[in-house]
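I am opening a fresh notebook page and will set down, entry by entry, what I looked up in this structure.

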Amino acid sequence: MFYEHDSDDRLIAKKDALELNNWIGHLVDNGRELEILINIAKKLSNDDDMGSRLKELAMENKLHLGVFFRYKSSMVNLHECEDMECDIYYVNKHEEYRNLYKTILQESHKLKEELYTKILIKL
């Protein structure tokens with residue numbers, strides 16, 4: 001929750017923590033969906049390439065989840081910042097993680113779209 005008495009730094013930290021929790025939730029959901037799509041790809045055809053690519057992406061998704069959980073546990077250090085240089089470091093780090101999150105989702109959407117197109121062709 002956000003409060004009027006929260007400092008600007010505290011508000012940013014809370015916003016970043018909420019955003020990170022959303023990213024983690026999306027990646028958990030993405031991982032579940034990828035596992036289902038791996039099974040669909042297996043039944044769809046003998047397209048081992050698609051199954052392999054989905055498995056690789058699912059593994060990448062799991063690795064990213066680990067990265068984001070480690071980042072979440074490191075966010076407590078943000079409260080120890082005493083100068084602008086430290087604050088800027090964490091703001092920049094958060095942007096790096098945002099870009100990492102966007103990249104894995106873009107890769108997932110692209111591969112899912114490719115699989116869905118193959119499914120439509122088969123129907």
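**Entry 1: a charged pair in helix 1**

I began with Arg-32, which has a relative accessible area of 54% and is therefore exposed, since the class of exposed residues starts over 50%. I note here that I am working from a predicted model. I then looked for the partner of Arg-32 and found that its side chain meets that of Asp-29 in a salt bridge, with N to O at 3.0 Å. Asp-29 has a relative accessibility of 43% and so counts as partly exposed. Both Asp-29 and Arg-32 belong to helix 1, where three residues, about one turn of the helix, lie between one position and the other.

**Entry 2: the overall fold**

I next looked up the secondary structure, which comes to three helices and zero strands, and which reads as α-α-α along the sequence. Of the 123 residues in the protein, 32% are buried.

**Entry 3: salt bridges in helix 3**

How many salt bridges does the structure hold? I find nine salt bridges in the structure, and I followed two of them in helix 3.

Lys-93 is bridged to Glu-96, and the closest N and O atoms of this pair are 3.2 Å apart. Because they are three residues apart in helix 3, Lys-93 and Glu-96 are separated by about one helical turn. I checked the exposure of each: Lys-93 is partly exposed at a relative accessible area of 24%, and Glu-96 is partly exposed as well, at 46% relative accessibility.

Arg-98 and Glu-95 form a salt bridge through their side chains at 2.1 Å, N to O, and both residues lie in helix 3, three residues apart, again about one turn of the helix. Is Arg-98 buried or exposed? With 16% relative accessibility, Arg-98 counts as buried, because the limit for buried is under 20%. Its partner Glu-95 is partly exposed, at 34% relative accessibility. I also note that Arg-98 and Glu-95 belong to a network of salt bridges that links them with Lys-15, Asp-16 and Glu-19.

**Entry 4: aromatic pairs**

I turned to the rings and found five aromatic pairs in the structure. In the pair of Trp-23 and Phe-68 the ring centres are 5.8 Å apart and the planes stand at 65 degrees, so I record the pair as edge-to-face, the cut-off for that class being over 60 degrees. Trp-23 lies in helix 1 (residues 8-44) while Phe-68 lies in helix 2 (residues 48-74), so the pair ties together parts that are 45 residues apart in sequence. Both Trp-23 and Phe-68 are buried.

Which residues do ring pairs link into a cluster? I list Trp-23, Phe-68, Tyr-71, Tyr-97 and Tyr-101 as the residues of this cluster.

**Entry 5: negative charge on the surface**

My last search was for charge on the surface, where Glu-80, Glu-82, Asp-83 and Glu-85 gather in a patch of negative charge. I placed Asp-83 in the loop between helix 2 and helix 3 (84-122). Asp-83 has a relative accessible area of 40%, so I enter it as partly exposed.

Definitions and conventions. Residues numbered from 1 in each chain as written. Predicted model: local features only at pLDDT ≥ 70, side-chain atom pairs only at ≥ 80, totals over all residues. Heavy atoms only, no water. Phe/Tyr/Trp six-rings, centres within 6.5 Å; stacked < 30°, edge-to-face > 60°. Helix = DSSP H or I, 4+ residues; strand = E, 2+ residues; numbered from the N terminus. Buried < 20%, exposed > 50% of the residue type's maximum accessible area, 1.4 Å probe, protein only. Patch = residues over 30% accessible without salt bridge, like charges linked within 9 Å, V, L, I, M, F, W, Y side chains within 5 Å. Areas by Shrake-Rupley, 256 points an atom, 1.4 Å probe, with all protein chains shown as cover. Salt bridge = Lys/Arg side-chain N within 4 Å of Asp/Glu carboxyl O. Lys, Arg positive; Asp, Glu negative; His and termini not counted. Charge placed at Lys NZ, Arg CZ, Asp CG, Glu CD.
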